[in-house]
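Q: I would like a close look at a single part of this model, set in the context of the fold around it. Please take the sequence and structure shown here as the starting point.

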Amino acid sequence: MAPTLFDHGAKHGDLIEIIRDTYRHWAVYIGGNEVVHLIPSVDDSGPFGGFLELIDSSTAQVRRQKIWEVVKHHRFRVNNLLDDEHEPRDPHDIVKDACRMVGQEVPYSVTSHNCEHFVTELRYGKAESRQVKIAAAIGGAAVVGVGLVALGAMIGSLLKGDDKRERRHHK
């Protein structure tokens with residue numbers, strides 16, 4: 001069951017992970033049931049929840065909204081994903097810096113300047129995106145897999161060729 005208005009459990013400076021159909025959206029909780037997040041100007045009502053438009057965007061705007069306006073009908077959770085690796089900044093500083101950026105238009109890239117990079121920079125002082133790292137690892141594994149299949153086919157073909165030459169030689 002999705003959290004309700006009164007039981008989301010977020011504290012100032014916590015990261016909010018919103019589980020959308022095709023990707024995760026990230027925001028930072030600033031109190032008063034509000035979040036600050038980075039969002040390209042896209043229509044997220046389409047069949048892919050705005051995912052395809054995100055890939056095309058080169059700028060995004062920092063927005064301050066009620067958490068429920070951002071979450072909509074999706075599930076979400078507090079996820080301070082890098083607390084084990086990095087010391088979180090002071091919650092007051094996180095909120096102050098997030099609010100100071102509201103309204104700014106900033107560069108956007110799904111691979112290097114996305115909403116997850118934005119919130120991890122605010123919380124830890126270090127921009128990082130696990131989504132990008134996972135996607136890169138999966139993409140890399142797929143490339144290696146295709147390469148291994150091609151290599152196997154080539155070796156198989158060479159072995160068949162050697163086998164044919166050997167049979168001709170023995171005739």
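Why does Ser129 count as buried?

A: The model is a predicted one, and in it Ser129 counts as buried because its relative accessibility is 3%, which falls under the 20% cut-off. Ser129 lies in the loop between helix α4 and helix α5, the latter spanning residues 130–169. Leaving aside residues up to four places away in sequence, Ser129 touches Asn114, Glu116 and His117. With two of these residues there are polar contacts between side chains: the side chain of Ser129 meets that of Glu116 at 2.9 Å, and that of Asn114 at 3.5 Å.

Helix α4, made up of residues 115–124, leads from this site to the sheet, since it lies across β1 (15–19), β2, β3 and β4 and runs at about 35° to β2. The sheet itself is open and has six strands in the order β5-β1-β2-β3-β4-β6, with antiparallel pairing. Its edge strands, each pairing on one side only, are β5 (75–78) and β6 (105–107), and the twist from one strand to the next averages 30°. Within the sheet, β3 (residues 34–39) and β4 (residues 59–66) pair in the antiparallel sense over six bridges, and Leu38 has Val62 in β4 as its bridge partner. Helix α3 (residues 91–101) also packs on the sheet, where it touches β2 (24–31), β3 and β4, and its direction makes about 110° with that of β2.

Conventions. Residues are numbered from 1 along each chain as its sequence is written. This is a predicted model: local features need pLDDT of at least 70, side-chain atom pairs count only at pLDDT 80 or more; totals for chains, interfaces and linings use all residues. Side-chain values use heavy atoms; hydrogens and water are left out. Two strands pair if DSSP finds at least two bridges between them. Helices (H or I, at least four residues) and strands (E, at least two) are DSSP runs, numbered from the N terminus. Axes are lines fitted to C-alpha atoms, for helices over the stretch in contact, and angles run from 0 to 180 degrees between N-to-C directions. Contact means heavy atoms within 4.5 Å. Buried means under 20% relative accessible area, exposed over 50%, partly exposed in between (1.4 Å probe, protein chains only). A polar contact is a pair of N or O atoms within 3.5 Å; within protein, one must be able to donate a hydrogen and the other to accept it, and residues adjacent in sequence count only if both atoms are side-chain atoms.
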